[in-house]
Amino acid sequence: MRVAVVGATGEVGRTMVRVLEEQGVRPDELRLFASARSAGTSLSFCGNSCTVEELGTKVLKEGFDYLLFSAGSNVSKQYASIAAEAGSVVIDNSSAFRMTPDIPLVVPEINGDLLRGYRGIVANPNCSTIQMVLGLYEIHRRFGIKSIVVSTYQSVSGAGKNGINELESQISGHVEPKKFVRQIHLNVIPQIGAILENGFSEEEIKMVDETHKILQDDSIGIWATTVRVPVLYGHSETIWVETRKPASLDEVRKAIEASENVELTDQVISPLDGAGTDLVYVSRLRAFDDTRFLMWNVADNIRVGAATNAVRILKKHRALNARSFE
Ligand SMILES: NC(=O)c1ccc[n+]([C@@H]2O[C@H](COP(=O)([O-])OP(=O)(O)OC[C@H]3O[C@@H](n4cnc5c(N)ncnc54)[C@H](OP(=O)(O)O)[C@@H]3O)[C@@H](O)[C@H]2O)c1
């Protein structure tokens, strides 16, 4: 099996390499690509040193079994189709193809079956969407979700290595905001992505559109407020959910407990507790009445929200198709 990571030196790309190793994916060949800036540097995979190469069209035409793209939407728009045309399955972390109708937007625990018999580009959803739908899917399956009101508390690593650098440089005294619209150190910023004509931000609309596509239900009312907070790793969300069928708090609790890769806990869970893990943590579960519930949801945005979901897509695709494609 030939696997490559595009954007391998970024926050998500480096974690993809680590998660491939942790999850027991052992390609015969692993290639790492980034821009000319970091070509020649190296990363470790299963005890071997892998040199990062500059991305180019020629190598993509060789074809890989799986190409994990994590270098931003411009790179994906320029190169992902070339790789897919060469027969590679491209798992793309950017927003470039998420809402393209024929491209599956996959959270394997929810709609992994879309990968059966599929070749081409597979889109990985936005980090804040993945952790929310993982925490809500089983409630939706059992009781139907009518509406969601969500507020996020998103870490600076969600904006990549430049986001982390900006917080760290402000902690050590350099204040001018560049990556974020306001100073992030000692602050919170209620805007992620540009503000659109309807008043919502790009990140808020991603949560709406992507949730509709993953759950295949455009009738769910979704209202999001996305906020950047001075946390390095781990996004948190307060979620208010309204079900179509009535449910007791205990039934909702059981639904969350039955969710794959989700842990329901009565402990206080902060982003520091979730960082470095592959689980979504749901806590502070409360009932308003028999259709309206509140909860706190935490996950590592780089892992659950990006790298781990991408590796889970690879493994699911492999499990569903390996024989038919070999
Ligand atoms: N961070 C998150 O929580 C998160 C979650 C979900 C999805 N994503 C998405 O994942 C992608 C990467 O995010 P990130 O946080 O890892 O960003 P990042 O830390 O800024 O890393 C960007 C990566 O892309 C590479 N790159 C940039 N321009 C390139 C080019 N022209 N050709 C080849 N490689 C290029 C960089 O290589 P150099 O080292 O050479 O600059 C680096 O490896 C983005 O599309 C982002 O929206 C991120």
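A nonpolar core is a set of buried Ala, Val, Leu, Ile, Met, Phe, Trp, Tyr and Cys residues joined through side-chain atoms within 4.5 Å. In this predicted model, the largest such core has 85 residues, and Leu 68 and Ile 148 have the most contacts inside it. At least three residues of this core come from each of domain 1 (2–125 + 306–325) and domain 2 (128–301). The points below describe the domains, the cores, the strands and helices, and two residues with a positive phi.

**Domains**

- The chain is divided into domain 1, made of residues 2–125 and 306–325, and domain 2, made of residues 128–301.
- The centres of domain 1 and domain 2, taken over C-alpha atoms, are separated by 25 Å.
- Contact between the two domains involves 21 residues of domain 1 and 18 residues of domain 2.
- An unreviewed UniProt entry places the feature "domain: Semialdehyde dehydrogenase NAD-binding" at residues 2–118.
- In the model, the span 2–118 is 28% helix and 26% strand, and its end C-alpha atoms lie 18 Å apart.

**Nonpolar cores**

- Leaving aside residues up to four places away in sequence, Leu 68 touches Val 3, Ala 4, Val 5, Val 6, Met 16, Ile 91, Ala 310, Val 311 and Leu 314.
- A second core, separate from the largest one, has seven residues, among them Ile 164, Leu 167, Phe 180 and Ile 184.

**Strands S1 and S2**

- Strand S1 (residues 2–6) pairs with strand S2 in the parallel sense, over five bridges.
- Within this pairing, Val 5 stands opposite Leu 32 in S2.
- Strand S2 (residues 29–34) is largely enclosed by the rest of the structure, because five of its six residues are buried; a residue counts as buried when its relative accessible area is under 20%.

**The six-stranded sheet**

- Strands of a sheet pair through backbone hydrogen bonds, in either a parallel or an antiparallel sense.
- Here, six strands form an open sheet with mixed pairing, in the order S9-S8-S10-S13-S12-S11.
- The edges of this sheet are strand S9 (221–225) and strand S11 (262–264), each of which pairs on one side only.
- On average, neighbouring strands of the sheet are turned by 20 degrees against each other, with direction ignored.
- Strand S10 (residues 235–243) and strand S13 (residues 292–299) are paired in the antiparallel sense over eight bridges.
- Val 241 has Phe 293 in S13 standing opposite.

**Helices across the sheet**

- Helix H7 (residues 202–215) lies across strands S8 (145–153), S9 and S10, and runs at about 150 degrees to S9.
- Helix H8 (residues 249–257) lies across S11, S12 (280–287) and S13, and its direction is at about 175 degrees to S12.

**Residues with a positive phi**

- Most residues other than glycine have a negative phi.
- Asn 261, although not a glycine, has a positive phi of about 60 degrees.
- The loop between H8 and S11 contains Asn 261.
- Asn 261 counts as partly exposed because its relative accessibility is 24%, and the partly exposed class lies between the 20% and 50% limits.
- Arg 284 is likewise not a glycine and has a positive phi of about 50 degrees.
- Arg 284 is located in strand S12.

Conventions:
Residues are numbered from 1 along each chain as its sequence is written. This is a predicted model: local features need pLDDT of at least 70, side-chain atom pairs count only at pLDDT 80 or more; totals for chains, interfaces and linings use all residues. Side-chain values use heavy atoms; hydrogens and water are left out. Buried means under 20% relative accessible area, exposed over 50%, partly exposed in between (1.4 Å probe, protein chains only). Domain bounds come from an automatic or database domain assignment. Contact means heavy atoms within 4.5 Å. Two strands pair if DSSP finds at least two bridges between them. Helices (H or I, at least four residues) and strands (E, at least two) are DSSP runs, numbered from the N terminus. Axes are lines fitted to C-alpha atoms, for helices over the stretch in contact, and angles run from 0 to 180 degrees between N-to-C directions. UniProt positions are given in the numbering used here, feature names are shortened, and annotations may be inferred rather than shown by experiment.
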